[in-house]
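I have a new structure open today and a fresh notebook page beside it. Here is what I looked up, entry by entry.

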Amino acid sequence: MVFSNETRKQTIHQLKHTELDLLIVGGGITGAGVAIQAAASGIKTGLIEMQDFAEGTSSRSTKLVHGGIRYLKSFDVGVVADTVKERAVVQGIAPHIPRPFPMLLPIYQESGSTFDMFSVKIAMDLYDRLAGVEGSQYANYTVTKDEVLQREPQLSADNLQGGGVYLDFVNNDARLVIENIKEADELGGLMASHVKAVGMLHNDAGQVVGLHVKDLLDDTEFDIHAKLVINTTGPWADKFNALDDHEKHAPTLRPTKGVHLVVDGSRLPVPQPTYMDTGLNDGRMFFVVPREGKTYFGTTDTDYTGDYEHPRVEQEDVDYLLKVVNKRFPESHMTIDDIEASWAGLRPLINDNGSSDYNGGGANSGKVSDDSFAALIEVVNAYEDDQATRADVERAISKLETAHAEAGLSPSQVSRGSSLDQATDGLITLSGGKITDYRKMAAGALALIRRILVDRFNVDAPAVDSKKLQVSGGHFDPTNVEETMAFYIRIGVDAGLSEKEAQDLANRFGSNTSRVLTYAVDGPAPGLSLKETMSLRYSLNEEMTLTPVDYLLRRTNALLFHAETLAELKQPVVDEMAQTLGWDDSVKAQQLAALNAAIADSQLAYLKTAPAPVHPE
């Protein structure tokens, strides 16, 4: 498999001279999910992305594949059931990426608390049944106040009642995207980053038949012809649809911004992901997650109308998150100077179905009466005592769901918070959703695409079982992850790496680790370790890495979780990329400047150097 700047030239040539069955616009997780399934179905598939793959929303999430336990507060059981089932599917098709990591949920007795110790146990038991982990090593349990504080001594003890522990998964969002893209390329799809749609092509009947696009690397423009075009541009969906001058598309999205801040793990030590109420009586919850020696926390989830390409962390975002984390961890005394890195991303919420993945919010949040709640608890207790059946519990849940404002999902919805629509001129739009649902959303879109292709164009594409369609790097038994990772770590050590270095490569590249190790043949690049050299060379040749920011932010997490290494790492990375990609000194200087700007943004230099506000006496 080769997927690089060189193959991109061939891909652009093919996009210019091939009529595609399907052209996908947007190379985030939604477009990547459609691409892999379409290519596997034998559909002649192309995908364009105006930035790097995953550069937008799909590399800026909370980096979890979580089940949305908060939805059980309003008894949105269908949503949680779908989510935990999809979570297991994603772990099966990308077993080297999402990893089980039980979540701690501290419970405080405060006004507006999401759960108390009684309701959280009921919610977790139901959650486990939906996830199918009852009786396993991942079954939930409750812990006392003292046990919570033993795990997290800096956590505030005021009004702390105890906590719950339940299964969730950590995730590497950008890696999940690139692995889907690589597999789609391997299956024959034409995947091109840095290609922007600038116009829409229609035939004499007014049907969409392709796009006029611009290659942002050389500023050339050309047409791509396709039987069908699907918009998977995330927050840009409305902006892209505005290119369609044959159709009036009403705005459908309400983008919100989510901000996360990274500090050293010694400043905020937590042994496991933690999810709790903010304590500000604002109806919100937040995450605190350990990762690679750091801890990050968020998110803000506020309405956004600014620059979609470069959403920024603002002072009010920092102030809010610091207020929240210092309330819950009062001994930390966290300030902006502790922040080593940050990120801000947009969530493409659907206007009329915008419930937040994080905060259970949105205009359509349902409420259940006290009587209904008590009736369900009675049935659940009877079930625990073998006095009721699972069917009894499901009937009780069903009655609750009829009271929910969103009990009846519209036929156009693939999953809660997502929308699949085809305009009268044929343009398909798949929007909304969340990273956990990407495979299911794509499968819903493929069912429509296959039907249109056979009905209108006599193109019969076979269905594929997308629940078993493994991504690049994920080609191994998902029930045997630890043993498989141990094997790849062992061959990494045999190639001259330390165990920690080998583990890092295995976790990043999965079943592609043996390919990565072949890039050791020429020894380490100047200024780089052998491990970093192999990782970079593989990414340049097989992951369409075109800039230092692509590599240090999205192919790896160095810019976010290893800020202390960047001073020594950035120049050797630029030099090695220049060697491979043929940059002259001018291009090298431009790329280094862009990298420095990305680092400064991530580290909030523009806020840390801002003059202190003047307060009148």
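**Entry 1: a cavity lining.** How do the residues of the lining of the second largest cavity divide into nonpolar, polar and charged? I should say at the outset that I am working from a predicted model. I found 5 nonpolar, 3 polar and 3 charged residues in that lining. The names I wrote down are Gln51, Glu55, Gly56, Thr57, Arg60, Pro235, Trp236, Tyr308, Glu309, Pro311 and Leu346. The cavity they line has a volume of about 50 Å³, and the structure holds 3 cavities of 30 Å³ or more.

**Entry 2: the whole chain.** Next I stepped back for an overview. I looked up the chain's secondary structure and got 20 helices and 20 strands. The chain has 617 residues, and 59% of them are buried. For contacts with a separation of 6 or more, I noted that 71% join residues 24 or more positions apart. The accessible surface comes to about 24,600 Å², and carbon and sulfur atoms hold 49% of that surface.

**Entry 3: strands β2 and β9.** I then picked a pair of strands to follow. Strand β2 covers residues 45-49 and runs parallel to β9, with 4 bridges joining the two. I looked for the partner of isoleucine 48 and found alanine 192 in β9. In a regular strand, side chains alternate between the two faces of the sheet. Going along β9, residues 190-193, I saw Leu190 and Ala192 point one way, with Met191 and Ser193 pointing the other way. Are these four buried or exposed? I have them all down as buried.

**Entry 4: backbone oddities.** Which residues other than glycine did I find with a positive phi? Alanine 54 is one of them, at about 70 degrees, and histidine 333 is another, with phi near 50 degrees.

Alanine 54 sits in the loop between β2 and β3. I count alanine 54 as buried because its relative accessibility is 2%, and buried means under 20%.

Histidine 333 belongs to the loop between α8 and β18. Its relative accessible area is 58%, so I list histidine 333 as exposed, the cut-off being over 50%.

**Entry 5: a cis bond.** My last look-up was a peptide bond, the one from glycine 298 to threonine 299. I found that bond to be cis, with omega near 20 degrees. Threonine 299 is placed in the loop between β16 (294-298) and β17 (302-303).

How values were computed
Residues numbered from 1 in each chain as written. Predicted model: local features only at pLDDT ≥ 70, side-chain atom pairs only at ≥ 80, totals over all residues. Heavy atoms only, no water. 1 Å grid on protein atoms, 1.4 Å probe; cavity = no way out; pocket = protein on both sides within 12 Å on 5 of 7 lines; lining within 4 Å. Points joined across faces, edges and corners; volume = space filled by probe spheres on them. Nonpolar A, V, L, I, M, F, W, Y, C, P; charged D, E, K, R; others polar. Buried < 20%, exposed > 50% of the residue type's maximum accessible area, 1.4 Å probe, protein only. Pairing = 2+ DSSP bridges. Contact = heavy atoms within 4.5 Å. Areas by Shrake-Rupley, 256 points an atom, 1.4 Å probe, with all protein chains shown as cover.
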